[in-house]
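Please look through the structure below and follow the explanation alongside it. The text starts from a single residue and works outward.

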Amino acid sequence: MPSSSASTTDAAKSSAPSGGVQSLERAFDLLERMADAGGEVGLSELSASSGLPLPTIHRLMRTLVACGYVRQQPNRRYALGPRLIRLGESSARLLGTWARPYLARLVEETGETANMALLDGDEIVYVAQVPSKHSMRMFTEVGRRVLPHSTGVGKALLAHTPANEVRALLARTGMPAATDKTITTADGFLTALEEVRRLGYAIDDNEQEIGVRCLAVSVPDSPTAAAISISGPAGRVTEAATERIVPVLQQVAVELSQALANPGPAA
């Protein structure tokens, strides 16, 4: 953020009446903490993690419940509310729009179809794609949902997730084989994630579709877990091509991350 924007924001905070900007920041922080906790928490848990007193949290949660962004469960715990779904869907569409110029650059520099995907719950959802200019090219419908274990983007997105959380996810989704190359055991998938961490990128080698290879990297410091990838026929996405493509993928991911982190001009 430019220094002028930062100073403007700081000034706004200091001059805002009590309960103004600070309450807004606290409310969003609580929503983030709820999401990190799996979507449902108790007030005491929020107080312990945020350091805010219980009366403050209770007041903020009452407001969020009244607005539909949080709902109180019968067990008196609080869960993220359905009104957030509309915001999330709109945000995901915009994220895909913002990513398209970067995906277009990937296509220009690699020659292969470029994709962007998010981790949504236990599934991978594709939010943007720019197709290759080759007559033989890969096509994934935007909005398509797949399981993480058979995709390069899934591996990239889960590479730094704790092993126990990965195992829990795989237990919930199952590990059906899309091809005879698909990894179908939790131990095998965790081994693949170790390789992703070692290499700095993920590979789907005929695991989602025979004859197709995919290279993927996560978008560092993305506001939501995101990955970009290229996919193409195995005859084109060879080992030699991988050495050329991966640095481009990694560079574009960094530039996209920087663009997403830029909040734009201050109001």
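**From one serine outward**

Leaving aside neighbours within four places in sequence, Ser47 is in contact with Leu52, Pro53, Leu54 and Ile57. These contacts, like everything that follows, are read from a predicted model. Ser47 is found in helix α3. Is Ser47 buried or exposed? Residues under 20% relative accessible area count as buried. Ser47 has a relative accessibility of 18%, so Ser47 counts as buried.

Ser47 shares this state with other residues of its helix: in α3, Leu43, Leu46, Ser47 and Ser50 are buried. They cover an arc of only 100° around the axis, which puts them on the same side of α3. On the other side of α3, Ser44 and Ala48 are exposed. The buried residues of α3 are covered by elements that include α2, β1, α4 and β3. Just after α3 comes Gly51, which takes a positive phi of about 80°.

One of the elements covering α3 is helix α4, which comprises residues 54–67. The length of α4 can be checked with simple arithmetic. At 1.5 Å a residue, the 14 residues of α4 should span 20 Å, and the C-alpha atoms at its ends are 20 Å apart, which agrees. Seen down the axis of α4, the buried residues fall within an arc of 125°, so they line one face of the helix. Which residues of α4 are buried? They are Thr56, Ile57, Leu60, Met61 and Leu64. Of these, Ile57 has already appeared as a contact of Ser47. The face of α4 turned away from its buried side carries the exposed residues Pro55 and Ala66. The buried residues of α4 pack against α2, α3, β2 and β3. Just after α4, Gly68 takes a positive phi of about 90°.

The strands named so far belong to one sheet. It is an open sheet of 3 strands in the order β1-β3-β2, and the pairing is antiparallel. β1 (40–41) and β2 (70–72) stand at the edges, each with a single partner strand, so one side of each is left without a neighbour in the sheet. In general, strands of a sheet pair through backbone hydrogen bonds, either parallel or antiparallel. Here, β2 and β3 (residues 78–80) run antiparallel and are joined by 3 bridges. Val70 stands opposite Leu80 in β3.

Two helices lie across this sheet. Helix α2 (residues 21–36) lies across β1, β2 and β3, and runs at about 90° to β3. Helix α4 lies across β2 and β3, and runs at about 105° to β2.

Further along the chain is helix α5 (residues 83–110), in which Ala99 lies. With a relative accessibility of 1%, Ala99 counts as buried. Not counting residues up to four places away in sequence, Ala99 touches Met116 and Leu256. How many residues lie between Ala99 and Ala253 in sequence terms, and how far apart are they in space? They are 154 residues apart in sequence and 9.8 Å apart in space, C-alpha to C-alpha.

Met116, touched by Ala99, leads to the next group of strands. In β9, the bridge partner of Met116 is Ile228. Strand β4 (residues 113–120) pairs with strand β9 (residues 226–233) in the antiparallel sense over 6 bridges. β4 also pairs in the antiparallel sense with strand β5 (residues 123–130), over 7 bridges. Within that pairing, Asp120 stands opposite Glu123 in β5. β4 and β5 form a hairpin with 2 residues between them, and Gly121 in the turn has a positive phi of about 65°. β4 is mostly covered, since 6 of its 8 residues are buried.

Last come the totals for the chain. Its secondary structure comes to 9 helices and 9 strands. Of its 267 residues, 40% count as buried. Among contacts in the chain with a separation of 6 or more, 56% are between residues 24 or more positions apart. The chain exposes about 14,300 Å², and carbon and sulfur atoms supply 53% of it.

Key:
Residues are numbered from 1 along each chain as its sequence is written. This is a predicted model: local features need pLDDT of at least 70, side-chain atom pairs count only at pLDDT 80 or more; totals for chains, interfaces and linings use all residues. Side-chain values use heavy atoms; hydrogens and water are left out. Two strands pair if DSSP finds at least two bridges between them. Helices (H or I, at least four residues) and strands (E, at least two) are DSSP runs, numbered from the N terminus. Contact means heavy atoms within 4.5 Å. Axes are lines fitted to C-alpha atoms, for helices over the stretch in contact, and angles run from 0 to 180 degrees between N-to-C directions. Buried means under 20% relative accessible area, exposed over 50%, partly exposed in between (1.4 Å probe, protein chains only). Accessible areas come from the Shrake-Rupley method with a 1.4 Å probe; for residues, only the protein chains shown count as cover. The expected span of a helix is 1.5 Å times one less than its number of residues. The arc is that of the directions from the helix axis to the C-beta atoms.
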